[in-house]
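Biologist: Could you take me through one part of this model at close range? I would love to hear about the disulfide and the residues around it.

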Amino acid sequence: QVQLVESGGGLVQAGGSLRLSCAASGIRFSYDTMGWYRQAPEKQRQLVATITSVGRTNYADSVKGRFTISRDIAKNTVYLQMNSLKPEDTAVYYCAAPGRGSWGQGTQVTVSS
């Protein structure tokens with residue numbers, strides 16, 4: 001059974017930084033792609049970033065150059081480093097193993113102007 005637990009969300013001013021963590025169990029990063037998604041109020045959930053089993057990364061255009069996805073295989077944890085945050089980054093952020101159809105409970109990120 002896959003379990004994903006996010007942490008690290010919060011309130012930050014525009015231009016600030018946050019690092020989200022996703023502690024995973026029941027999954028091996030060497031076999032699965034992991035991703036971060038977000039959903040703002042009254043909007044559809046959207047892809048933020050993914051990292052494949054071989055470590056290849058992909059980003060939404062809106063976060064390229066500001067966000068970095070990484071993983072620690074020994075800790076079975078995926079991270080999302082978010083820099084130069086903007087008010088439009090405000091959303092609930094979800095960790096996912098999309099190939100497994102597994103999602104975390106989400107963590108709120110709020111960026112004030």
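**A close look at the disulfide and its surroundings**

Modeller: Happy to! Let me begin with a glycine, Gly35, which counts as buried because its relative accessibility is 0%. Please keep in mind that this is a predicted model. Gly35 belongs to strand E4, which covers residues 34-39. Setting aside neighbours within four places in sequence, Gly35 is in contact with Ala49, Thr50, Ile69, Tyr94, Cys95, Ala96 and Pro98. Take Tyr94 from that list: 59 residues separate Gly35 and Tyr94 in sequence, yet their C-alpha atoms are 8.2 Å apart in space.

Another of those contacts, Cys95, brings us to the part you asked about. The structure has one disulfide, and Cys95 forms it with Cys22, with 2.1 Å between the two sulfur atoms. Cys22 sits in strand E3 (residues 18-25) and Cys95 in strand E9 (residues 91-97), so the bond ties together parts that lie 73 residues apart in sequence. As for its geometry, the link of Cys22 and Cys95 is left-handed, with -75° about the S-S bond.

How much of this pair is accessible? Cys22 has 0% relative accessibility, so Cys22 counts as buried. Cys95 is buried too, because its relative accessible area is also 0%. To put the pieces side by side for you: Cys95 is joined to Cys22 through the disulfide, and Cys95 is also among the residues in contact with Gly35, itself buried at 0% relative accessibility.

Key:
Residues are numbered from 1 along each chain as its sequence is written. This is a predicted model: local features need pLDDT of at least 70, side-chain atom pairs count only at pLDDT 80 or more; totals for chains, interfaces and linings use all residues. Side-chain values use heavy atoms; hydrogens and water are left out. A disulfide is a pair of cysteine sulfur atoms within 2.5 Å. Helices (H or I, at least four residues) and strands (E, at least two) are DSSP runs, numbered from the N terminus. Buried means under 20% relative accessible area, exposed over 50%, partly exposed in between (1.4 Å probe, protein chains only). Contact means heavy atoms within 4.5 Å.
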